[in-house]
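Here's a quick walk through one structure, taking the strands, a couple of backbone oddities and the ligand site in turn. Have a look at the model first.

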Amino acid sequence: MKIVVDRQVCAGHALCAAKAPDVYRLDDEGYCCSDGAIVPPQLHEQARLGARHCPEAAILLVVDEDTP
Ligand code: F3S
């Protein structure tokens, strides 16, 4: 699973990192900077939880056969 964050859409609500601190990182200004990060299988559920809570729907989780 890969994280795709639309940095144009992210408004720094930080709920992604609050709900899924093991998955999402924030930059110094509080915006999500996990774009392109690979999520290991044991954290998929947490990744989905964090993405669901983003009020801007800025996070897309991409699942394909090439990424774990
Ligand atoms: Fe940004 Fe949404 Fe997280 S607005 S900081 S991706 S909760």
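In which loop is A14 found? Keep in mind that this is a predicted model. A14 is found in the loop between β1 and α1, the latter covering 15-19.

## Two positive phi values

A14 isn't a glycine, yet its phi is positive, near 70 degrees. As for its surroundings, A14 counts as partly exposed because its relative accessibility is 26%, and buried would mean under 20%.

A57 pulls a similar trick: phi is positive at about 55 degrees, and again the residue is not a glycine. You'll find A57 in the loop between α2 (44-52) and β2. With a relative accessible area of 62%, A57 is exposed, since the cut-off for that is over 50%.

## The strand pair

Strand β1 spans residues 2-5, and its side chains alternate. I3 and V5 point to one face and are buried, while K2 and V4 point to the other and are not.

β1 runs antiparallel to β2 (residues 59-62), and 4 bridges join the two strands. If you want one pairing to check by eye, try V5: its bridge partner in β2 is I59.

## The ligand site

Now for the ligand, which takes up the space of the largest cavity. There are 13 residues around the ligand, and those that come nearest are C10, A11, A14, C16 and C54. So A14, the residue with the positive phi near 70 degrees and partly exposed at 26%, turns up here too.

Sorted by class, the shell around the ligand holds 9 nonpolar, 3 polar and 1 charged residues.

How values were computed:
Residues are numbered from 1 along each chain as its sequence is written. This is a predicted model: local features need pLDDT of at least 70, side-chain atom pairs count only at pLDDT 80 or more; totals for chains, interfaces and linings use all residues. Side-chain values use heavy atoms; hydrogens and water are left out. Buried means under 20% relative accessible area, exposed over 50%, partly exposed in between (1.4 Å probe, protein chains only). Two strands pair if DSSP finds at least two bridges between them. A residue is near a molecule or strand if one of its heavy atoms lies within 4 Å of it. On a 1 Å grid over the protein atoms alone, a cavity is a set of points where a 1.4 Å probe fits but cannot get out, and a pocket is an open set with protein on both sides within 12 Å along at least five of seven lines; lining residues have an atom within 4 Å of a point. A molecule sits in a cavity or pocket if more than half of its atoms lie within 2 Å of its grid points. Ala, Val, Leu, Ile, Met, Phe, Trp, Tyr, Cys and Pro count as nonpolar, Asp, Glu, Lys and Arg as charged, and the others, Gly among them, as polar.
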